[in-house]
Amino acid sequence: MTAETDRLPRRDVRGRDLNLRSLLLSGVLLGGLALPGVQAQGVTPLAQKPAQSAPVSPASNTPKPLSDAEKQTLKTLFSKVRPATLRIEQCDLNQPGACDDPDGIGSGVLISADGLALTAYHVVEGARFLSAQTADKKRYAVEVVGYDDQDDLALLRVSVPRGTPFVPLASARPGVGDAVLAVGNGGGGFLQPKSGRLTGLEASAGPGGATFPPGTLQMSAPLVPGDSGGPILNTTGELTGIVSYISISRNSGPASFAVPVTASDARLSDLRAGKKLDAPIIGIGLNGPFTTFLTLDAADFRRLSDVLKLGDTPGAFFTSVVRGSPADRAGLKPLELDDQDRRVSGDIVTAVDGKRIINFDEFQYAVRTYKPGDTITLSVLRGDKPLTVKLTLIGRSQTTP
């Protein structure tokens, strides 16, 4: 897993010392510091957003189990809506056999009679070829009409025949405690149901969660990679959200999150108009086992520094710089360790436009409050020397992580 200001992509650091890797992953270095989460959704590269990770509801908010009546309602609903759901695949329909083993798998749902469908943006991000498979196992060509990278939402046009079922958009927001149905392709399944309750309507940005849109739905439905982009439906069969990510906490277990969707959502008008809204990036990454340290507080930074020799001032360090990116052009230097796992070089970012940050997650969040084309000023420590670095943000699609 990799964390970046341009999301948590799909690369890993190769060749690091296995003893250090083991220490980082186990949390021994920081006395059992919890991993920041497993993000969800699909098989690389159609998923794992962003995966993003998110905070999990405390055990005291554990929802009550679904009643027998609710289970029956959702079972009946699944039979009705399944023909409107999709398995999104990264494969070339024109190449014989290519879709038998697609490069990535996600989920989606049709929302109109003319083949418009919604999915999570990270399901289709960077895909050269896409196809959609319906419940009858037929495959159809897919075109990306528009997307909102920040909110992880994409509108597709799927070449399904007229008369293919679709689901209506919700007329109002749901409520905490509502029973919900998800349909997706997680865990090797094919358009299978998963149910639960809504446990929150304003999930806050947790580790790596800088892109949580307002109103993010938090659920107890047991979603897994492959379910990304699938629908969250209320008991009347209306679409209330699109699955975006999950989080796994050592203390609280899994939680699932979805981008909220309603009929009056202004974003849908933008997507229908073909807008493609990139998230801003500078082109740095926190890779492999180092993602364990997304959310270090000041005390834990200093404890880690005792081992890696990061210095006395907490801030955001990073382990990769994308070639040709704003960070590369500005000369930012990633963390490099010697054979004793001590820092040889590597910048520590302590502020963005004067706003103090102490870890990579805060750095990510700060960058994502801007837009591509904005110029920002970073306060940087290079060794013991303070530097001021200006750079102009670009959109994610303008570079390849």
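**Exercise 1. A threonine in a loop**

Is Thr164 buried or exposed?

*Solution.* The structure is a predicted model, and each step below is a reading of that model. Begin with the position of the residue: Thr164 sits in the loop that joins β7 (153-158) to β8. Next, take its relative accessible area, which is 14%. Since a residue counts as buried under 20%, Thr164 is buried, although it belongs to a loop. Then look at what surrounds the residue: once residues up to four places away in sequence are set aside, Thr164 touches Pro83 and Leu110. Finally, follow its side chain, which reaches the backbone oxygen of Pro161 at 2.7 Å.

**Exercise 2. The two sides of helix α2**

Determine whether the length of helix α2 agrees with its number of residues, and then work out how its buried and exposed residues are arranged.

*Solution.* Helix α2 runs over residues 68-81, and at 1.5 Å a residue its 14 residues should span 20 Å; the C-alpha atoms at its ends are 20 Å apart, which agrees with that expectation. For the second part, list the buried positions of α2, which are Leu74, Leu77, Phe78 and Val81. Viewed down the axis of the helix, the buried residues fall within an arc of 105°, and therefore they line one face of α2. On the other side of α2, Asp68, Ala69, Lys75, Ser79 and Lys80 are exposed. As a last step, ask what lies over the buried residues of α2: the cover includes the strands β2 (85-89), β8 (179-184), β9 (192-200) and β11 (231-233).

**Exercise 3. One residue of that face**

Describe the surroundings of Leu74, a residue of helix α2.

*Solution.* Leu74 has a relative accessible area of 3% and is buried. Leaving out the neighbours within four places in sequence, its contacts are Leu66, Ala179, Val180, Leu181, Ser195 and Thr235. A distance along the chain can then be set beside a distance in space: Leu74 and Gly196 are 122 residues apart along the chain, while their C-alpha atoms are separated by 9.8 Å.

**Exercise 4. The nonpolar cores**

Which residues have the most contacts inside the largest nonpolar core, and which element gives the most to this core?

*Solution.* It helps to recall that, in soluble globular proteins, nonpolar side chains tend to be buried together. In this chain, 57% of the 401 residues count as buried. The largest nonpolar core has 44 residues, and Leu118, Val158 and Leu239 are those with the most contacts inside it. Strand β7 gives the most to this core, with 5 residues. Taking Val158 as an example, and leaving aside its neighbours within four places in sequence, one finds contacts with Leu86, Leu110, Gly115, Ala117, Ala132, Tyr140, Ala141 and Val142. Apart from this core lies another, of 33 residues, and among them are Ile284, Phe360, Leu378 and Val380.

**Exercise 5. A covered helix**

How many of the 8 residues of helix α7 are buried?

*Solution.* Helix α7 covers residues 360-367 and is mostly covered, with 6 of its 8 residues buried. These are Phe360, Asp361, Phe363, Gln364, Ala366 and Val367. At the start of the helix, a side-chain oxygen of Asn359 comes to within 3.2 Å of the backbone nitrogen of Asp361.

**Exercise 6. A buried aspartate and its partners**

Which side chain does the side chain of Asp347 meet in a polar contact?

*Solution.* Locate the residue first: Asp347 is in the loop between β19 and β20 (348-352). Its relative accessibility is 1%, so Asp347 counts as buried. The side chain of Asp347 makes a polar contact with that of Arg382, at 2.8 Å, and also reaches the backbone nitrogen of Lys333 at 2.8 Å. Both partners appear in the wider list of contacts, which, without the neighbours within four places in sequence, consists of Ala316, Phe317, Phe318, Gly331, Leu332, Lys333, Val380, Leu381 and Arg382.

**Exercise 7. Positive phi outside glycine**

Find where Lys137 and Asp341 lie, given that each has a positive phi in a residue other than glycine.

*Solution.* Phi of Lys137 is near 75°, and Lys137 is found in the loop between β5 (131-133) and β6 (139-148). Phi of Asp341 is near 60°, and Asp341 lies in the loop between β18 (336-337) and β19 (343-345). With a relative accessibility of 13%, Asp341 counts as buried.

Methods:
Residues are numbered from 1 along each chain as its sequence is written. This is a predicted model: local features need pLDDT of at least 70, side-chain atom pairs count only at pLDDT 80 or more; totals for chains, interfaces and linings use all residues. Side-chain values use heavy atoms; hydrogens and water are left out. Helices (H or I, at least four residues) and strands (E, at least two) are DSSP runs, numbered from the N terminus. The expected span of a helix is 1.5 Å times one less than its number of residues. Buried means under 20% relative accessible area, exposed over 50%, partly exposed in between (1.4 Å probe, protein chains only). The arc is that of the directions from the helix axis to the C-beta atoms. Contact means heavy atoms within 4.5 Å. A polar contact is a pair of N or O atoms within 3.5 Å; within protein, one must be able to donate a hydrogen and the other to accept it, and residues adjacent in sequence count only if both atoms are side-chain atoms. A nonpolar core is a set of buried Ala, Val, Leu, Ile, Met, Phe, Trp, Tyr and Cys residues joined through side-chain atoms within 4.5 Å.
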